[in-house]
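The exercises below ask you to read a structure from the position of single residues outwards to whole chains. Try each task on the displayed model before turning to its solution.

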Amino acid sequence: MGYAEFKAPKGVIKVELELTNDAISQVSISGDFFMYPEDALERLEQTLVGVKADRESLLAAVQRFYGSTGAQTPMVEPEHWVEAILRAAGE
Amino acid sequence: MEWRLLPLRVDDASMSMAIDEALLKLNAESKSPNTIRFWRWLPSTVSIGCFQSVEREVDLEVAKHHGVDVVRRITGGGAVFHDHDGELTYSVVCKQGDVPDDIIESYRLICGGLVRGFERLGLRAEFKPVNDVLGNGKKISGSAQTRRWGSVLQHGTVLIAPDMRLMFELLRVSPEKISDKFIASVFERVTTIERELGRKPSFEEVKEAMSRGFEKSLGLKLSEGELTSDEVELASELKPKYASDKWLRKR
C-alpha cells in the first residue's frame, strides 16, 4: 500500500493505492477538495483501477473520467490528481 | 422573492445534518420553500467533509475525552470544529435556478450575505473564492455546498469565539499544510468576531445581522416560519444514517 498527499490550489488530495504489475489494483482517495456531484469520486476510483501508474496513462484516465461524468472540481485540475497518484505510487 | 427564515435551533450533529438533507430533498420536490436557517451544535462537534477520512482528519481520542461529537457532512471541503459556545452555523437551501450555475459564482452570491452581515457587525469583509469569507483580511467563515435533485444546499460556519486551542488538538493537520507554515501562521490567518470587535455578540445578534445580509445580497425578503411536520418527519428518518459508524467511517 502506497500513500501520499498533494496540495492542490483548493484542497489536499490524499491517495492510498496498491500496484500490481505497475498498474493500480486498488485506490482510495480522500481529502478536503470539492467535487460535484459528490458520488463522482467513486467513479474516479473505479476508472483508475487497471490503469498503468505512469503520467500519460493516468492523465488520460482522469480526463476520461471528467469527460464521462461531467464532474466539476473547483481549483483542482486533472494534473493534480495525477500528481497525487504518482506520489502514492512512488511510495 | 420571499424565503423562509427558521428560528435559531440547537441540535445534536446527526439531527442538524438530517434537517439540512431533509430541507434539500423536500425543496427539490417543491414541498419546502427556499429557506435560510441558523443553528448551534450540542454537544460541540467536528464535522468532516464528505470526502475526508475520519481517521486521518480527527483525533478521535481527544474528541472522546472532551465529549466532542464527530459527524460526516454530505458536502465536500474540510473539517470544522463547531464549538457550542463560540460558533454559529447557517444553511441556505434553494432551487438551483435561484443561484448562478457557475459554482464559484454561486458561492460568491450566497457568501455575499455573510459579507454584508459581517459589515453590519462592524468588520471589513470580503469573499475569497472558492468558499471563504475574510473579516478584516483573515478567514472568519467557511462554507460548503452541494447540489442534488435540482436544489442547492450551502451551509457554513461563522466564527464568533471558538476555542481555537481545542480546535487544533481535535484536527490532525496534514504535513503538507505544516510545510506551508500553517500552524505558525494560523493565528495570523484565521480570526473570530470576538477578536475583531473586542466583544462577543450574542447568537441572536449575529443571526440578525446575517439574515439582513442575505436579504440584501440575494434580493429577497425573509419571513419567519417553522419546520413543517413533513420536514421533521423526514429529518427523523435521515438522522440514524448520520449517527451511524458506517457513514462516519465511509472513507
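**Exercise 1.** Locate B:Val130 in chain B, decide whether B:Val130 is buried or exposed, and list what B:Val130 touches.

*Solution.* Begin with the secondary structure of this predicted model: B:Val130 sits in the loop that links strand E8 (125-128) to strand E9 (132-135) of chain B. Next, count neighbours; a residue is buried if 20 or more other C-beta atoms lie within 10 Å of its own, and because B:Val130 has 23 C-beta neighbours inside 10 Å, B:Val130 counts as buried. Then look at the partners, setting aside residues up to four places away in sequence: from chain A these are A:Lys10, A:Phe34, A:Pro74 and A:Met75, and from chain B they are B:Ile104 and B:Tyr107. Finally, for a sense of distance, the C-alpha atom of B:Val130 is separated by 29 Å from that of B:Lys241, which is 111 residues away along the chain.

**Exercise 2.** Describe the side of chain A that touches chain B, by number of residues, by strands and by residue character.

*Solution.* The contact draws 17 residues from chain A and 20 residues from chain B. On the side of chain A, at least two residues each are supplied by strand E1 (2-7), strand E2 (12-20) and strand E3 (23-31). Sorted by character, the residues on this side of chain A are eight nonpolar, three polar and six charged.

**Exercise 3.** For H2(A), work out how the buried residues are arranged around the helix axis and what covers them.

*Solution.* First take the length: H2(A) has 15 residues and reaches 21 Å from its first C-alpha to its last, close to the 21 Å expected at 1.5 Å a residue. The buried residues in H2(A) are A:Leu58, A:Ala61, A:Val62 and A:Phe65. Viewed down the axis of H2(A), these buried residues fall within an arc of 95°, so they line one face of the helix. On the other side of H2(A), A:Glu56 and A:Gly67 are exposed. The cover over the buried residues of H2(A) includes helix H1 (40-48) and H3 of chain A. Just after H2(A), A:Gly70 adopts a positive phi of about 65°.

**Exercise 4.** Find which residues of H3(A) are buried, and follow them to the contacts of A:Val15 and to the largest nonpolar core.

*Solution.* Helix H3 (residues 78-90) of chain A reaches 19 Å with its 13 residues, close to the 18 Å expected. Buried in H3(A) are A:His80, A:Trp81, A:Val82, A:Ala84, A:Ile85, A:Ala88 and A:Ala89, and what covers them includes E1, E2 and helix H2 (55-69) of chain A. Turning to A:Val15, its contacts beyond four places in sequence include A:Ala84, A:Ile85 and A:Ala88, as well as A:Tyr3 and A:Val27. The largest nonpolar core has 78 residues, and A:Val15 and A:Ile85 are among those with the most contacts inside it, as are B:Phe118 and B:Val133. Helix H1 (residues 13-28) of chain B gives this core its largest share, nine residues. A second, separate core of eleven residues includes B:Val46, B:Val54, B:Phe81 and B:Met167.

**Exercise 5.** Establish how compact chain B is for its length.

*Solution.* The secondary structure of chain B comprises eleven helices and twelve strands. Its radius of gyration is 17 Å, close to the 18 Å that the globule rule gives for 251 residues, so chain B is as compact as a globular protein of that length. The C-alpha trace of chain B spans about 45 × 40 × 35 Å along its principal axes, and 47% of its 251 residues are buried.

How values were computed:
Residues are numbered from 1 along each chain as its sequence is written. Chains are lettered from A and ligands numbered from 1 in the order in which they are written. This is a predicted model: local features need pLDDT of at least 70, side-chain atom pairs count only at pLDDT 80 or more; totals for chains, interfaces and linings use all residues. Two residues are in contact if their C-beta atoms, placed from the backbone, lie within 7 Å. Helices (H or I, at least four residues) and strands (E, at least two) are DSSP runs, numbered from the N terminus. Ala, Val, Leu, Ile, Met, Phe, Trp, Tyr, Cys and Pro count as nonpolar, Asp, Glu, Lys and Arg as charged, and the others, Gly among them, as polar. The expected span of a helix is 1.5 Å times one less than its number of residues. A residue is buried if 20 or more other C-beta atoms lie within 10 Å of its own, exposed if 12 or fewer, and partly exposed in between; C-beta atoms are placed from the backbone. The radius of gyration is taken over C-alpha atoms; the globule rule is 2.2 Å times the number of residues to the power 0.38. A nonpolar core is a set of buried Ala, Val, Leu, Ile, Met, Phe, Trp, Tyr and Cys residues joined through C-beta atoms within 7 Å. The arc is that of the directions from the helix axis to the C-beta atoms.
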